[in-house]
Amino acid sequence: RDPRQRVPCPICRQCWCSVCRQRYHIVSSCMEVRMLDAAQQSRRIKDKQELARRLDSIRADIESARFIAEVCTPCPKCGAPGTDKTDCDHMTCSQCGHQWCWKCLSTFTRTAARGLTHVGPCEPEKRKERVAQHLKGYLEAKAESPADAAGASSVVHEYCFCPRCGSGQPITGVKFKCVHCFPPGGEFLELCEACEADEKLRNHPDDHIFKPFANPE
């Protein structure tokens, strides 16, 4: 950028661009900053909508999980809902074929000497604890987005570290660089995709614009 376009305000000490009258920016041209600003606002609105959708989905999953725990009980091996309890405590999962005890969720195994056998003593007092453990794993798996996992990029931005998450590892995937922050003698503010998308983790003025970099600079 031409330094003559940098106009400092004597009152608020903010620097402004004399051409587009936005916060002074580097990395991007005036036109690109306008486009990035529009794209950023659209992206963050979609992020909030997606977060609300996922929260609604998780709430529905919790209600479903409670019903499963009270009536069906998930399979201890694969998490699939079991059938309603009958007079017999021996359950067989219709999905993976795992055989288990409805009272305590322990496994049934078949041996040559004794045939179908309950593994260990039946401990019905541990049923609630074991169901809770399986439901926790079920809900955590539901909270993960398959689209996020599928879209994870292997691109590594060497020597670029996100100061917010503090992972200590170079940023992977899409890197976001603030076009307004350029401390003299310091480094640009660069965030990973997860921290840029999270308002609390981002911890940065909302009117600052971030430029995405899918590939290393």
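K175 is a buried residue, with a relative accessible area of just 1%. Keep in mind that what we are looking at is a predicted model.

So who does K175 pair with? Its side chain meets that of E217 in a salt bridge, 2.7 Å from N to O. K175 lies in strand β9, residues 175–178, and E217 in the segment after β11, so this pair ties together parts that are 42 residues apart in sequence. And is E217 buried or exposed? E217 is exposed, at 60% relative accessible area.

Let's stay with strand β9 and turn to K177. K177 forms a salt bridge with E190, and their closest N and O atoms are 3.6 Å apart. E190 belongs to strand β10, residues 190–192, while K177 is in β9, so here the parts tied together are 13 residues apart in sequence. K177 is buried, with a relative accessible area of 5%, and E190 counts as buried too, at 12%.

Now put those residues together: K175, K177, E190 and E217 are linked in a network of salt bridges.

One more pair, please, over at helix α1. Which residue does E32 meet there? The answer is K211, in a salt bridge of 3.2 Å, N to O. This pair links distant parts of the chain, with K211 in strand β11, residues 210–213, and E32 in helix α1, residues 30–72, so to speak 179 residues apart. K211 counts as buried at 14% relative accessibility, whereas E32 is partly exposed at 26%.

And how many salt bridges are there by this count? The count comes to eleven, and the pairs I've shown you are among them.

Technical notes
Residues numbered from 1 in each chain as written. Predicted model: local features only at pLDDT ≥ 70, side-chain atom pairs only at ≥ 80, totals over all residues. Heavy atoms only, no water. Salt bridge = Lys/Arg side-chain N within 4 Å of Asp/Glu carboxyl O. Helix = DSSP H or I, 4+ residues; strand = E, 2+ residues; numbered from the N terminus. Buried < 20%, exposed > 50% of the residue type's maximum accessible area, 1.4 Å probe, protein only.
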